[in-house]
Amino acid sequence: MRMGVASWISGARAVALALCLAAGVPRAAGAEEDVPTIVVTPGGRTAFNVALQRFADRGRGGDASRTGALDAGLRRGIAYSYDTLLLPDAAFLGPRDARPELAATRDDCAEWRTSGADALVEGVIAPDDASGRMVIEVAVWEVARCVRLFHETYRRPGAVLERTALRIADDVVGAVTGVRGAASTEIAFVSTRSGHREIVVMDADGSNVRAATRGNSVKAFPDWLPGADGILYTSYVTAEQPDLFVASRAADVRAGRILGGVLPGAPKYRGVFSPSGQTLALVTSVDGAAEIFRVERDGRRMQRLTHGPSIEVSPAWSPDGSRIAFVSDRSGAPQIFVMNSDGTDTRRLTYQGGYNTSPSWSPDGRWIAYQSLVGSQFDIWLIDPEGKVNFPIVEHPSSDETPHWSPDGRRIAFSSKRRGRADIYTVDRSGERLERLTQAMGDNTHPSWSPYPR
């Protein structure tokens, strides 16, 4: 007998907790007890079957293009998650079309259970004559208990319906699995496909590739602003003097050079926004050595965090903004260190391997991904912030470099030359389901996964 969504989640939570305790993995500080943890094991994954009805259109005369755009985006977004599978329409014993008026109860859950569905998605779309936007009402049902898990109304411009559908799909995945999906997010990376090193952006599944910057200067180290409102990057406007710039994606974010009045004349190699977006960790040069500073977004309250003749680079904020992981060669070779965000309590994290760089903190704060030199190539490893658990998740004869987590914590993007040129790949956090996203156009490196869009 098929288990319902809530029953399965309850069982998954118990199994996940038992596995974590058996492995000695520390529970994240402040983690909510009622948030399910999805544990993916080889050959043992269970996915939820989701039945997606065609949304009703309450607009005058209806509009097949509207419902078609929504249906396409929802299917793409739900299918993007490893933990949800779309039930084929041919299996439906319930109606293909959603009700024109969504209700708090329904009497056909038995038909959907017999169809093989764990969850049912229904919705209605209608134009809002007052605002000119589209109003989309969505409900998600757990059919085993005939309980409504999710009910939300979205108001978005009609021109971005498929993009809106991806956001809705992420919420649907969250309602069904307990962890929000990431189909609506994007990945920025450095590419030479234009003949210059530019910042390029693509959707999380590798589609819709487009340039974020243009020009003849070398670009490097993309980092997203909170809410995916823009991309911070390094540009070598002159060969010896890198500076920080923002490519804007929101009306209230000004594009162009930032922190121009901070340490005038000093190179700014890299900047990384804190989770709040109000503070940056800044890599600059002091007395010939790379050091890490923190500074407010408006250039005030600058504070030096690292001191000494060693090289200190690659800052990565913890999700709560309280700590920063970084790379230092103070021990003789590059290793991962962790410090408080004010520079106190610095300690070395990695001891296994003689060359470890590019830390990236998982969204739940429980893991730091990094690249480790093994033999003659880099592999992707995970280590917990206390340094107690450390293991590889991606191993290959070609180098795999610069890992970066998806905002839902399910996947990691990285760059690899396993097909000759560097391309962007993703892999899930268990090391399975490797996917190549870029298609042999120049070298594609340094992926940066966006946060959820506003």
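Author: Angles under 35 degrees count as roughly parallel, over 145 as roughly antiparallel, 65 to 115 as roughly perpendicular, and the rest as oblique. The model is predicted: local features need pLDDT of at least 70, side-chain atom pairs pLDDT 80 or more, while totals for chains, interfaces and linings use all residues. Numbering starts from 1 along each chain, and side-chain values use heavy atoms, without hydrogens and water.

Reader: How are α2 and α4 oriented to each other?

Author: Helix α2 spans residues 64-80 and helix α4 residues 161-177 (DSSP runs of H or I, at least four residues; strands are E, at least two). Their axes (fitted to C-alpha atoms over the stretch in contact; angles 0 to 180 degrees) lie 7 Å apart, at about 45°. The two helices are therefore oblique.

Reader: Which class has 12 residues in the contact of α2 with α4?

Author: From α2, the contact (heavy atoms within 4.5 Å) includes Leu70, Leu74 and Ile78. From α4, it includes Leu166, Ile168 and Val172. Two residues are polar and three charged (Asp, Glu, Lys, Arg). The 12 are nonpolar (Ala, Val, Leu, Ile, Met, Phe, Trp, Tyr, Cys, Pro; others, Gly among them, are polar).

Reader: Which element gives the largest share of the lining of the second largest pocket?

Author: This lining has 40 residues, with Asp223, Val272, Trp317, Ser360 and His404 nearest the pocket centre. By class, 25 are nonpolar, 13 polar and two charged. Strands β10, β14 and β22 are among the elements giving two or more residues. The largest share, five residues, comes from β18.

Key: On a 1 Å grid over the protein atoms alone, a cavity is a set of points where a 1.4 Å probe fits but cannot get out, and a pocket is an open set with protein on both sides within 12 Å along at least five of seven lines; lining residues have an atom within 4 Å of a point.
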